[in-house]
Amino acid sequence: FPFPYTPYRIQEQFMEALYGALEAGRVGIFESPTGTGKSLSLICGALSWLRDWEEKRRQEEARLLALGAGGRDGLTPQQARPGSADTAGEPDWVTAFMQKKEERDMVDRLKEEQIRRKKREDRLEKIRHNVQLKYAAKRKRCEEDEAKRLLQLSKEALSQGAGEGVLDQLDYNEEELILAEYESDDEKKVVSGLEEDDDDLEEEHVTKIYYCSRTHSQLSQFVREVQKSPFGKDTRLVSLGSRQNLCVNEEVRRLGALQLINDRCMEMQKNKYEKKSDEENEGKKRRVSRTVCPFYSYEQMQFLRDEVLVEVKDIEQLVSLGRETKACPYYGSRFAIPAAQLVVLPYQMLLHEPTRNAAGIKLKDQVVIIDEAHNLIDTITCIHSAEVSGSQLCCAHSQLSQYMERYRKRLQAKNLMYIKQILYLLERFVAMLGGNVNQNPGCQAVSQTGTVLKSINDFLFQSQIDNINLFKVRRYCEKSLISRKLFGFMERYGGSASAVKTNKENQKLAGLQNFLLTLQQGSEKEGIPQSPPVEAEHDQLRTASPLMQIEGFLSALTNANQDGRVILNRQATVGQSSLKFLLLNPAVHFAKVVEECRAVIIAGGTMQPVADFREQLLCCAGVDPARVMEFSCGHVIPPENILPIILCSGPSNQQLEFTYQTRDLPQMMDETGRILCNLCNVILGGVVCFFPSYEYEKQVYGHWEKTGLLSRLAAKKKIFQEPKKANQVEQVLVEYAKCIKRCSQTGGQMTGALLLSVVGGKMSEGINFSDDLGRCVIMVGMPYPNITSPELQEKMTWLDKKMPRAAGQAPSRVLIENLCMKAVNQSIGRAIRHQKDFASILLLDHRYARPAIFNKLPQWIRERTQVKPAFGSAFAELRKFHRGKLDAL
């Protein structure tokens, strides 16, 4: 395996196992602790396989072509076998002829592919070596822009009667708000022929690797690793992202919300194709062109595509290239997919089938690598779950009624029928929450509050909408872009209720409408708390039309009955109440990925416990257990650089058991404080302490303040608390790091800093506490999820019904333990980030010593863990460990 430096032994093992899995077409679960160079191992292992695979394919093609050239007329020995009659009883010569024809077709197809590939390679080679060519397109574009600008100026100078034009323009703009004539699937028989022809022109998809990770920054980091690797120069890599990340049209970017950006972009493209060419429409045409995206130029996007394929670029480089070449990076990068060897993209894009299809991603016989996959099950569940509030439902109903009233005479019968169906659905949904769509949701009290769970069928039946075809309604929403039209309508008439001609029925809505308009127009700053509870959804309502959210919910209701549940959450008012769809079986959406792909690799730093992936995802998706393989490698750090301890009791012999019942006891909180005080005396640098929840962290902090323990701690370490708001995390971390650095340089009584964090919070994932930032990680108690939550209850019941008992334990019990230990493993893995790093890990709770829990720790930590019944011996070990490390430094 080519590698930028001498790989660790475990990296070699990782690459060998990965190569084997790809070659055999397996589904692999790979675990490689952070700090062991997982990204590089993935890159070098996977791309080595791809290179060899391409070479094998080239040789096979050459063999077939040679065979084709030599044996055009004569039969091959196989075909000439006597008596080889087909199962259908066809004579030999027919079978032979058919085989011959198939071979000839295949040879012809191979030749075509070869010519196409040769053309592509020549084109890319040309661009790679000809700098002038790069700038020729740029210069040509500048000339065109200048010509357009002059033409525009001269037209403006010539045009008279501008006032008249403005009136005309308003009319035209309003024209845009009206839904186009809609044809349902069964009416479209003739048109489909065209679409099939287009596919022939599409470029072939070469065998490629789709690499996905969770966040934008993780993807950029991966691309930088590829750039540094031996494959950086000659790999055709393309980075995909959402329009929010890739759009370079400032007018569209300003919309902020992803759904609005998507819809606006789609509309601009539609305008491009619908531009009228008649001469008499010249005036209108000029105005239409304002709403066509200047970056959506086919020629420029092809130029961008080639640029992307020639040199490895991350998303930031792609965006700046798009700005420079005046080409859309979002579509330009999609054009590059067929020819790319490595496609880097976010989870959601690959795991959500409609998004995948829209992006032109074809998984047939390709390789998928899902990195940072410890949250894969949750991610799939979240992508396919949806929630809508009562205020959104009422708001959408109000907007849609007004829209229908205003344009009733202009809308086709099909459109009116679907709008009425959507209005009826909204009405029934609000009724299910105990309200009425024609009244202000913020003022309607709900008589029976609480949470109710229903199966999809029960929900459809009880809300009396089981006679409506939701598949057709969903398709109508997608094709007609109704939510976009509605948003444009509200943008225009949102200001004054009087602008919409209301009939008597609509006047009832005036109060509600004004309330909703205040929601839409208000622009409160993020930091100001919103006083009325109804406005909790405020930001969501303002940034996107509520109908967009509701479309997601309608789409979720088309899942199979056994795979999901509808949660009716009835709060004090209808506005605060909500309907939520919860997906229980993520495997249904993962099955297609596993079926179509040649191989799927699920990788992460901490994948333990693995049983979840095997049972909930792979077995339920119908994967043959023999196809699944597991690989887990140790850590690169020497065993003496880590000291994990399970502590069963504190300094005053108080047994450590942080259950919901005991953790609030003053003696438990005191004992935790004493342990920290003792540790802060002997550990220099940063100590990170994880609590099970924000509430508990706040409670303990308050208790320590009262008892004076906090000031004793603060004498040794400066105390930082994890903020709840994501935008403040960076600032706290910078201060924390500065403080540790200052203390290590000046010496004195202060020995560093103590960071109080929360499991599952902002600091428990994706943030590195390497070296002095995390010399000790402490886990207070066991972060079990809230078992009383209706969602979790339902998931547990579902698992108990569907899954076999494992080692005598109920699947629901296993789920709870696995969720807890996944969170623990993520948090404690934050401290060791490279080969020379060292840290101690302290698990405060005697329950960690139970075999079922203990075995769910990552192997490299488990092998080195000591269980200490008393605090004395644990403290002695810790002091010895940290003193020894200091002396070594």
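Let me start with the nonpolar cores of this predicted model. The largest of them has 63 residues, and those with the most contacts inside it are Y210, L345, I370, L376, F590, I602 and L618. If we ask which element gives this core its largest share, that is helix α27, residues 587-596, which contributes five residues. One of the well-connected residues is I370, and once its neighbours within four places in sequence are set aside, I370 is in contact with C212, Y347, L351, L376, F590, I601, I602 and A603. Apart from this core lies another, of 52 residues, with F429, C477, L486 and L547 among them.

Two of those names, L486 and L547, bring me to a pair of helices, α22 and α26, whose contact includes L486 on the α22 side and L547 on the α26 side. Helix α26 covers residues 546-556 and is mostly covered, with eight of its 11 residues buried. The buried ones are P546, L547, M548, I550, E551, F553, L554 and A556, and I would point out that E551 is in that list. Helix α22, residues 482-493, has an axis that comes within 8 Å of the axis of α26, and the two cross at roughly 160°. Because angles over 145 degrees count as roughly antiparallel, that crossing makes α22 roughly antiparallel to α26. The crossing of α22 past α26 is right-handed, and the contact is made by I482, S483 and L486 from α22, together with L547, M548 and E551 from α26.

Next in sequence after α26 I would like to take strand β8, residues 564-570, which is mostly covered, since six of its seven residues are buried. Which strands does β8 pair with, and in what sense? With strand β7, residues 450-455, β8 pairs in the antiparallel sense over six bridges, and in that pairing L453 stands opposite I567 of β8. With strand β9, residues 578-583, the pairing of β8 is again antiparallel and over six bridges, and here V566 has F581 of β9 as its bridge partner.

Now to the parallel sheet. Seven strands form an open sheet in the order β14-β15-β13-β16-β17-β12-β18, and the pairing is parallel. Strands β14 (717-721) and β18 (866-868) stand at the edges, each with a single partner strand, so one side of each is left without a neighbour in the sheet. On average, and ignoring direction, neighbouring strands of this sheet are turned by 20° against each other.

Within this sheet I will dwell on β17, residues 839-844, where six of six residues are buried. In a regular strand, side chains alternate between the two faces of the sheet. In β17, A839, I841 and L843 point one way, while S840, L842 and L844 point the other way, and all of them are buried. On one pairing, β17 is joined to strand β12, residues 642-647, in the parallel sense over six bridges, with P644 standing opposite I841. On another, five bridges join β17 to strand β16, residues 776-780, and these two also run parallel, with V780 opposite L844. Strand β16 in turn pairs with β13, residues 685-691, in the parallel sense over four bridges, and V688 stands opposite V777 of β16.

Which helices lie on this sheet? Helix α32, residues 729-746, packs on the sheet and touches β13, β14 and β15 (752-758), and its direction makes about 155° with that of β15. Helix α34, residues 811-828, lies across β13, β16 and β17, and runs at about 160° to β16.

I will finish with one residue, Q809, which lies in the loop between α33 (790-802) and α34. Is Q809 buried, partly exposed or exposed? At 23% relative accessibility Q809 counts as partly exposed, because buried would require a value under 20%. Leaving aside neighbours within four places in sequence, Q809 is in contact with V814 and E817. Finally, Q809 and A852 are 43 residues apart in sequence, and their C-alpha atoms are 9.9 Å apart in space.

Definitions and conventions
Residues numbered from 1 in each chain as written. Predicted model: local features only at pLDDT ≥ 70, side-chain atom pairs only at ≥ 80, totals over all residues. Heavy atoms only, no water. Buried < 20%, exposed > 50% of the residue type's maximum accessible area, 1.4 Å probe, protein only. Core = buried A, V, L, I, M, F, W, Y, C linked by side-chain atoms within 4.5 Å. Contact = heavy atoms within 4.5 Å. Pairing = 2+ DSSP bridges. Axes fitted to C-alpha atoms, helices over the stretch in contact; angles between N-to-C directions. Parallel < 35°, antiparallel > 145°, perpendicular 65-115°, else oblique. Left-handed = near helix turned anticlockwise from the far one by under 90°.
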